[in-house]
Amino acid sequence: MRELQIYILDLDGNQIGELDLTDSDDFALKLTKSIASINNLGRRNTSFSLDFDAPQTKNNNKLLAGLRFATHSKEILGQKPCAIMVDGNQVDRGFVYPFESTLEGSYKLVFKGLNNDWVEKLKDVELNQLNWRDYDTGLRTEDANELYSSSRFSALNSLTSVDADLVYPYINRLNGGEVTAFRPQLHLRSIIISMFEKIGYTVSSVFLESDWIKGGVTYDDVHGNEYTHLGLSVDPTFQMTRDQQDLLNQTVEYTTAITAGTDPELWTDVETIGNLNTPAAPNVRDTYRFPTVIDTVVLDDFSRWNIPTSEFTVGLGGTYELSYSFSPEWAFNFDGTWKEYIQAVSPFEKRNPNVTMYIVKNNTSDTVIDGTIIYEEDGDGGFIPDLGLTGTAFHTFTAGDKISVFMELKNDAFGFTGSQAVVNADQDGLDRWKLRPRLISLTITPKANVQLGNTFRINSHIPAGIKCMTLLQDFKTMFNLYFDVDVNRKVVFIEPRDDFYGGTPVDITDKIDLSTPPSLNYLTDYKNEVVFKYAVDGKDKYLEKWNKINDNTYAELTYSMQNNSRFDKGQSVLSTQFLSATIQGFLDGSSNICTSIVKEEYLEVDNEGKLVNQNYAPRVYQLIRGQQFDPANNPRRTESPLTVLVAAMEEFANTPTFEDRRLTFNAENGLVWGYYRKTLANIEDTAVLTCKINLSLPEFNSWDLSKIYYINEPAEIAGAYITDSIKNFNITKEAPTTITLVKFKDFTPVEITGGAGNVNVITENIPQPQEIMVTVNGAIVSCLDNDLNKMYTI
């Protein structure tokens with residue numbers, strides 16, 4: 001009997017300890033391996049074990065600490081990362097789920113591995129927690145920033161997901177082509193790569209590297225005009241209003257803490273502006289930013305205010321509101337001593353010196369303005385202590401800018417007579433004046449709306465609540481994706497099901513154990529109709545009205561099984577949960593840019609006066625860049641920019657898509673046509689073989705779920721198969737194991753019909769299938785089914 005060890009791991013994959021197992025020859029851990037079942041198009045599987053027991057030892061109690069258990073219930077309330085080792089070699093890696101703790105002193109557990117490892121790690125991650133490329137550094141980070149500007153739109157709109165994550169295609173959201181209406185989208189390929197990067201995995205996928213997904217290829221319309229396909233994008237409905245928490249994170253509010261009414265002779269230099277000495281030996285400082293004085297924090301969660309220098313460091317580029325209030329105490333010296341001076345409100349015959357406030361960017365000195373002045377406010381007639389000087393400014397900063405406030409004392413006092421006349425500007429002037437803050441109040445807040453020229457944090461504008469797994473499920477539904485994994489190398493393999501299986505068939509005839517009779521099952525769980533559709537968006541009234549007018553649901557396909565007698569009457573439905581479909585049309589007020597339309601109301605008059613629409617369900621698009629021409633080959637645009645990037649689900653009004661591809665489920669070159677035709681042909685003639693197979697542990701470990709397997713005899717079960725599941729393989733004792741295989745037979749793709757765009761056109765175009773070849777007695781020959789017909793790959 002082989003030695004079985006189960007190691008509990010930390011989140012980084014390091015071993016914490018070994019789980020104590022029952023020391024008995026009867027103990028066996030049995031694993032099932034599967035990717036998907038032919039009887040459920042919408043489900044993807046993983047490896048898992050039968051329930052097993054582990055004793056409640058001190059070691060196990062420590063390793064499983066922190067988990068809650070539901071007695072007499074299989075509700076799983078926690079999990080621990082683990083690795084399963086047999087004779088020192090790793091068999092699988094995933095999570096162990098304790099679901100019950102009995103009074104008899106044992107835990108009940110179940111193991112889930114393979115795809116479950118990344119699924120478990122990704123299930124709570126949201127789209128706005130992923131890493132994106134920062135526009136400045138190019139580095140992927142959760143706090144990546146992007147610049148919202150016309151030049152940046154132009155730059156991104158010529159790049160694919162190889163070089164960028166964001167893109168800004170023209171979309172009709174109750175707007176024309178004005179730049180301020182642009183909203184970012186995410187490259188679909190970037191989303192998937194970022195999802196797995198976030199949890200420490202890389203992706204291997206011919207599908208993701210294909211021209212259609214990655215983009216960067218040119219093609220022509222029917223008149224020979226060139227376009228560039230930039231790949232696929234997802235519009236998660238970016239909200240260009242800053243998140244409230246982000247506003248708080250970037251906001252500071254500070255005041256002074258100086259006791260008013262003290263003897264001016266005792267004022268410290270650090271809090272004083274004006275003559276720091278005496279009139280006889282003046283030391284006048286007429287410009288100052290009060291370092292260390294503005295020191296009482298009201299709000300500054302991220303320490304953006306530097307008290308020693310009185311500087312605010314911009315964390316997130318954008319437009320900021322700066323509000324400043326300055327109330328001083330004044331002192332003058334006309335007889336050798338400093339005395340408090342209070343300005344009379346009325347009459348205004350005499351006046352203390354005027355003060356000007358400056359907001360300055362990137363200053364280096366405390367006493368000289370050597371930075372960029374972005375705001376100036378004059379005292380306009382002198383300070384009245386009870387009113388002081390206030391100012392509010394708006395300015396756009398970039399991340400890292402340092403902002404400070406300076407006060408400048410002007411030599412313009414006047415109206416003093418008698419012995420006090422020496423304080424006037426035309427006599428000793430500033431040599432006889434000084435002031436200090438009675439109160440300084442400073443608030444710096446970013447504006448809520450992102451405007452042109454602003455820098456914004458990407459994740460702060462992706463709506464919260466978009467689970468990565470939900471989005472990945474939608475991609476799976478659209479492209480019929482299969483997922484496999486190498487847990488040791490942390491690589492996820494992603495391919496469409498129709499392309500997943502391949503290679504030279506592997507002969508497993510000698511491994512079939514015929515001591516247990518094999519069984520062929522022709523039953524199916526599918527209904528006689530399969531419906532493929534997008535999630536309904538009740539807030540897109542334009543799409544809703546189009547469906548009613550055309551008595552049709554845009555982009556939906558209802559496929560009728562051809563071998564109808566095998567299927568119960570009804571519908572099996574595959575639908576996206578998050579992404580919705582979009583109708584193509586033109587920008588508001590113009591026919592010179594053809595793109596997608598997402599409107600709150602169907603009629604133009606009902607949309608008048610509304611802001612750019614951002615109240616709709618997320619979308620998926622093809623990115624089409626080029627100068628557009630109408631069906632008569634007349635250029636749609638005659639003024640700059642001639643070349644535009646638009647987003648559409650399919651060709652419309654001679655704005656072509658790459659290879660005439662469609663993101664609709666219906667029609668030739670649609671999603672079912674591209675990714676489900678062979679699968680549906682397989683379902684229509686399903687034969688599921690269940691039998692016993694003799695596998696060693698290394699053979700079980702290396703069993704490739706993407707391979708085609710061939711049984712040569714007996715004739716009743718001979719043929720090519722793909723793996724549905726290997727069930728309950730005993731990893732500690734060798735014994736025949738149950739395997740379920742799905743038989744191949746004539747995999748000519750099915751025909752797909754349906755409407756294209758705003759018209760209904762039924763088309764069909766079936767490529768030639770690839771013949772399956774096998775090696776028999778050293779010769780390569782065609783693989784035949786029971787009726788001696790040639791067999792083809794799915």
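Here is a short walk through a pair of packed helices and a few unusual spots in the backbone. Keep in mind that this is a predicted model.

Let's start with the helices. Two packed helices are described by the angle between their axes and the distance between the axes. Here the pair is α4, covering residues 188-198, and α7, covering residues 468-479; their axes are 11 Å apart and the angle is about 130 degrees. Angles over 145 degrees would count as roughly antiparallel, and 65 to 115 as roughly perpendicular, so α4 and α7 end up being called oblique to each other. The crossing of α4 past α7 is left-handed. So who does the touching? On the α4 side you'll find Leu-188, Ile-191, Ile-192, Met-195 and Phe-196, while α7 brings Cys-468, Leu-471, Leu-472, Phe-475 and Phe-479. Sort these by class and you get ten nonpolar residues, with no polar and no charged ones.

Now for the loops. Which residues does a cis peptide bond join? One such bond links Ser-640 to Pro-641, with omega at about 0 degrees. You can spot Pro-641 in the loop that runs between β42 (619-626) and β43 (644-648). Another cis bond connects Glu-713 and Pro-714, again with omega at about 0 degrees, and Pro-714 sits in the loop between β45 (707-711) and β46 (719-730).

Next, look at phi. Ser-310 isn't a glycine, yet its phi is positive, near 55 degrees. Find Ser-310 in the loop between β22 (305-306) and β23 (311-313). Is Ser-310 buried or exposed? Buried means under 20% relative accessible area, and Ser-310 has 1%, so it counts as buried. Ala-667, in the loop between β43 and α11 (671-675), has a positive phi too, near 80 degrees. Ala-667 is also buried, with a relative accessible area of 1%.

Definitions and conventions. Residues numbered from 1 in each chain as written. Predicted model: local features only at pLDDT ≥ 70, side-chain atom pairs only at ≥ 80, totals over all residues. Heavy atoms only, no water. Axes fitted to C-alpha atoms, helices over the stretch in contact; angles between N-to-C directions. Helix = DSSP H or I, 4+ residues; strand = E, 2+ residues; numbered from the N terminus. Parallel < 35°, antiparallel > 145°, perpendicular 65-115°, else oblique. Left-handed = near helix turned anticlockwise from the far one by under 90°. Contact = heavy atoms within 4.5 Å. Nonpolar A, V, L, I, M, F, W, Y, C, P; charged D, E, K, R; others polar. Buried < 20%, exposed > 50% of the residue type's maximum accessible area, 1.4 Å probe, protein only.
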